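Visitor: Before we look at any single label, could you show me the sequence and the model, and then explain how each label is earned?

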Amino acid sequence: CMNKIIYAQLAVLAVTAAICALISGISGFWSALAGGLSYLLPSAAAVLLLKLFKPYPQLAGTAFLIGEGLKVVLALVLMLIVFAVWHETLQFLPFIVGLLAVSHLVFLALLRVRDYGR
(Lines give C-alpha, C1' and ligand atoms only; values in the text may rest on other atoms or scores of the structure.)
Protein backbone atom coordinates (compact mmCIF):
# COMPACT_ATOMS: atom_id res chain seq x y z
CA CYS A 1 0.00 0.00 0.00
CA MET A 2 2.79 2.44 0.90
CA ASN A 3 4.60 1.68 -2.35
CA LYS A 4 1.45 2.59 -4.28
CA ILE A 5 1.30 5.95 -2.53
CA ILE A 6 4.94 6.68 -3.41
CA TYR A 7 4.30 5.76 -7.07
CA ALA A 8 1.15 7.90 -7.10
CA GLN A 9 3.09 10.82 -5.61
CA LEU A 10 5.73 10.40 -8.33
CA ALA A 11 3.05 10.42 -11.04
CA VAL A 12 1.36 13.50 -9.57
CA LEU A 13 4.74 15.24 -9.37
CA ALA A 14 5.45 14.47 -13.04
CA VAL A 15 2.08 15.91 -14.11
CA THR A 16 2.45 18.94 -11.83
CA ALA A 17 5.99 19.67 -13.08
CA ALA A 18 4.81 19.36 -16.70
CA ILE A 19 1.94 21.80 -16.08
CA CYS A 20 4.29 24.22 -14.33
CA ALA A 21 6.66 23.95 -17.31
CA LEU A 22 3.84 24.91 -19.66
CA ILE A 23 2.90 27.90 -17.52
CA SER A 24 6.29 29.09 -16.22
CA GLY A 25 8.86 27.52 -18.53
CA ILE A 26 11.80 25.34 -17.64
CA SER A 27 12.44 27.22 -14.41
CA GLY A 28 8.88 26.45 -13.31
CA PHE A 29 9.44 22.78 -14.15
CA TRP A 30 12.59 22.52 -12.04
CA SER A 31 11.04 24.52 -9.20
CA ALA A 32 7.97 22.25 -9.08
CA LEU A 33 10.20 19.18 -9.27
CA ALA A 34 12.36 20.47 -6.40
CA GLY A 35 9.28 21.18 -4.29
CA GLY A 36 7.77 17.76 -4.88
CA LEU A 37 11.03 15.92 -4.31
CA SER A 38 11.45 17.81 -1.02
CA TYR A 39 8.51 15.76 0.25
CA LEU A 40 8.73 12.63 -1.92
CA LEU A 41 12.30 11.65 -0.96
CA PRO A 42 11.64 11.86 2.82
CA SER A 43 8.42 9.88 2.31
CA ALA A 44 10.35 7.18 0.50
CA ALA A 45 12.90 7.10 3.35
CA ALA A 46 10.07 6.67 5.88
CA VAL A 47 8.57 3.82 3.82
CA LEU A 48 11.99 2.15 3.66
CA LEU A 49 12.33 2.43 7.43
CA LEU A 50 8.90 0.84 7.94
CA LYS A 51 9.85 -2.00 5.59
CA LEU A 52 13.06 -2.59 7.54
CA PHE A 53 11.05 -2.92 10.76
CA LYS A 54 8.31 -5.10 9.22
CA PRO A 55 9.77 -8.35 10.63
CA TYR A 56 9.52 -6.83 14.12
CA PRO A 57 5.81 -6.08 14.74
CA GLN A 58 6.48 -5.21 18.38
CA LEU A 59 8.48 -2.20 17.13
CA ALA A 60 5.92 -1.07 14.52
CA GLY A 61 4.69 1.90 16.56
CA THR A 62 8.18 3.09 17.33
CA ALA A 63 9.25 2.67 13.70
CA PHE A 64 6.24 4.68 12.55
CA LEU A 65 7.02 7.56 14.93
CA ILE A 66 10.70 7.56 13.98
CA GLY A 67 9.76 7.43 10.28
CA GLU A 68 7.38 10.37 10.57
CA GLY A 69 9.91 12.40 12.54
CA LEU A 70 12.58 11.56 9.99
CA LYS A 71 10.24 12.58 7.18
CA VAL A 72 9.58 16.00 8.72
CA VAL A 73 13.24 16.70 9.46
CA LEU A 74 14.44 15.52 6.03
CA ALA A 75 11.75 17.55 4.26
CA LEU A 76 12.78 20.70 6.12
CA VAL A 77 16.47 20.06 5.43
CA LEU A 78 15.83 19.47 1.73
CA MET A 79 13.74 22.64 1.46
CA LEU A 80 16.47 24.65 3.19
CA ILE A 81 19.11 23.21 0.86
CA VAL A 82 16.98 24.02 -2.20
CA PHE A 83 16.45 27.60 -1.00
CA ALA A 84 20.10 28.09 -0.04
CA VAL A 85 21.51 26.76 -3.30
CA TRP A 86 18.85 27.86 -5.76
CA HIS A 87 17.34 31.03 -4.27
CA GLU A 88 18.20 33.25 -7.25
CA THR A 89 16.29 31.33 -9.92
CA LEU A 90 13.79 29.32 -7.88
CA GLN A 91 10.19 30.20 -8.64
CA PHE A 92 8.32 30.00 -5.37
CA LEU A 93 4.80 29.35 -6.71
CA PRO A 94 5.74 26.27 -8.78
CA PHE A 95 7.89 25.06 -5.86
CA ILE A 96 5.00 25.25 -3.41
CA VAL A 97 2.56 23.75 -5.94
CA GLY A 98 4.88 20.75 -6.40
CA LEU A 99 5.28 20.37 -2.65
CA LEU A 100 1.55 20.60 -1.93
CA ALA A 101 0.57 18.30 -4.80
CA VAL A 102 2.83 15.55 -3.50
CA SER A 103 2.14 16.03 0.20
CA HIS A 104 -1.63 16.36 -0.03
CA LEU A 105 -2.07 13.34 -2.28
CA VAL A 106 -1.73 11.19 0.85
CA PHE A 107 -4.56 13.08 2.55
CA LEU A 108 -6.82 12.64 -0.46
CA ALA A 109 -6.05 8.91 -0.55
CA LEU A 110 -6.79 8.57 3.16
CA LEU A 111 -10.09 10.44 2.80
CA ARG A 112 -11.08 8.14 -0.02
CA VAL A 113 -10.28 5.03 2.05
CA ARG A 114 -12.14 6.40 5.06
CA ASP A 115 -15.30 6.98 3.02
CA TYR A 116 -15.48 3.40 1.72
CA GLY A 117 -18.50 1.52 3.01
CA ARG A 118 -20.67 4.58 3.62
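**Labels and their cut-offs**

Guide: The buried residues of H2 are Ala-63, Gly-67, Lys-71, Ala-75, Met-79 and Val-82, where buried means under 20% relative accessible area, exposed means over 50% and partly exposed lies in between, with a 1.4 Å probe and protein chains only. This is a predicted model, in which local features need pLDDT of at least 70 and side-chain atom pairs count only at pLDDT 80 or more, whereas totals for chains, interfaces and linings use all residues. Residues are numbered from 1 along each chain as its sequence is written, and side-chain values use heavy atoms, with hydrogens and water left out.

Visitor: Why is Lys-71 called buried?

Guide: Its relative accessible area is 13%, and the limit is under 20%, so Lys-71 counts as buried.

Visitor: What makes the pairing of Lys-71 and Glu-68 a salt bridge?

Guide: The term requires a side-chain nitrogen of Lys or Arg within 4 Å of a carboxyl oxygen of Asp or Glu, and here the N to O distance is 3.4 Å, so the pair qualifies. A search of the whole structure finds one salt bridge. Both residues lie in helix H2 (residues 60-86), three residues apart, about one turn of the helix; helices are DSSP runs of H or I with at least four residues, numbered from the N terminus.

Visitor: Why is Glu-68 called partly exposed?

Guide: Glu-68 has 29% relative accessibility, which falls between the two limits of 20% and 50%, so partly exposed is the label.

Visitor: How do you know that H1 does not span what a straight helix would?

Guide: Helix H1 (residues 2-52) has 51 residues, yet its end C-alpha atoms are only 13 Å apart, short of the 75 Å that a straight helix would reach, the expected span being 1.5 Å times one less than the number of residues. A kink of about 150 degrees is centred on Ser-24 in H1, the bend being the angle between axes fitted to the seven residues ending there and the seven starting there. H2, by contrast, has 27 residues and reaches 38 Å, close to the 39 Å expected.

Visitor: What makes the largest nonpolar core a core?

Guide: A nonpolar core is a set of buried Ala, Val, Leu, Ile, Met, Phe, Trp, Tyr and Cys residues joined through side-chain atoms within 4.5 Å. The largest has 13 residues, and Leu-40, Met-79, Val-82, Phe-95 and Val-102 have the most contacts inside it. H1, H2 and H3 each supply at least two residues of this core, and H1 gives the most, with six residues.
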